[in-house]
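Welcome! Here is a short briefing on a sheet and the parts around it, written for someone seeing this model for the first time.

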Amino acid sequence: MPTAIAVTSADLVLPAPDRHTPGAALLHPPEQHDLEAALAGTSALLERHGHVVALVPPWLPRPTVQRLHTVRAILETDRIALLDIDLPPLGTALLARQLRQLSVCDFSPGVIASAARLLSHYIFAGALLGSVAKLDRVRVPVGLGAHARSWSPSAQFAVLAHPTPHLARLGSAGGGRGGRGGSHASHAGSHGAAADLPAGPDFATHLTFARGQLTSDWVAAELAPAWQVQGVLENPLPAASPAWWGTPKLVEFAAGIPDLSVLYQLVASVRREQCRWCGLELIGDRCGFCAAPLTAPPPSEAAATSTGRSRP
């Protein structure tokens, strides 16, 4: 059986792009399953799949994160990878689907886990927002002018949170154009407002979007053609999205590589190493399972770390 790719909410499971892509495992939060049920479910996953790779974004509630670490500690296993992935909810769901696609390939669990950081760099995640009053909390710079314009009932903002933060106010009609791999100012909307759209990916992608309480076709009608995406898919909005973006008035979107052969070549092209701590294969500079860095820290840092761990 392939390595299990796990998420903490069913709305983070995007439809499989083909019949070969497996579904995602669901690690229920504490309010849904007690600790005994969580231990039994995770044990069954390990028995069936051998290894579990779980995405743990920073926006998860603290009790959910604590439950994941508690289960791994009680089971005393090094076969569960808890990956800290800093993407918006829909971007997280897209990354989970890419890992599900790769899980059927001939990659070892360690390579699949450490590939998550690599693949996240190729995901473009953003949203069309009706307000940016609370957007600072997601590390997208918002000026005083944009904050003031958020009070306008017809205000709409195109925001890219990853990989490079970008914010632009759209015209009242939600228009605007931007080219693949770059952006330029253009006139949009009935008031002729200029919108400098987020720079799009310079590689082939599919775009997934999810509607909140904002009525607009801008993502599918304007952004998708500007980014020259090869396909567009609408999905239900993840429950965590309104809180992450600071408003329920949004249309969230995420673009990523859809082709398994391209994903495979991207991961396979990176040199594989062996983790000096747990012995698993990895790509990049850190093991996805034990979080050990590829190279040992300098002696002074290692000594300080050792001293800190020895303190009661």
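Along strand 7, the side chains take turns: H166, A168 and L170 point to one face and are buried, while L167 and R169 point to the other and are not. Here, buried means under 20% relative accessible area, exposed over 50% and partly exposed in between, with a 1.4 Å probe and protein chains only. This is a predicted model, in which local features need pLDDT of at least 70 and side-chain atom pairs count only at pLDDT 80 or more, while totals for chains, interfaces and linings use all residues. Residues are numbered from 1 along each chain as its sequence is written, and side-chain values use heavy atoms, leaving out hydrogens and water.

**Strand 7 and its partner**
- Strand 6 and strand 7 form a hairpin with three residues between them; strands (E, at least two residues) and helices (H or I, at least four) are DSSP runs, numbered from the N terminus.
- Five bridges pair these two strands in the antiparallel sense, where pairing takes at least two bridges found by DSSP.
- L170 in strand 7 is the bridge partner of Q156.

**The whole sheet**
- Six strands make up an open sheet with mixed pairing, in the order 7-6-5-12-10-11.
- At the edges are strand 7 (166–170) and strand 11 (231–234), each pairing on one side only.
- From one strand to the next, the twist averages 20°, with axes fitted as lines to C-alpha atoms (for helices, over the stretch in contact) and angles running from 0 to 180 degrees between N-to-C directions.

**Strands 10 and 12**
- Strand 10 (residues 206–211) and strand 12 (residues 250–256) run antiparallel and are joined by six bridges.
- R211 has V251 in strand 12 as its bridge partner.
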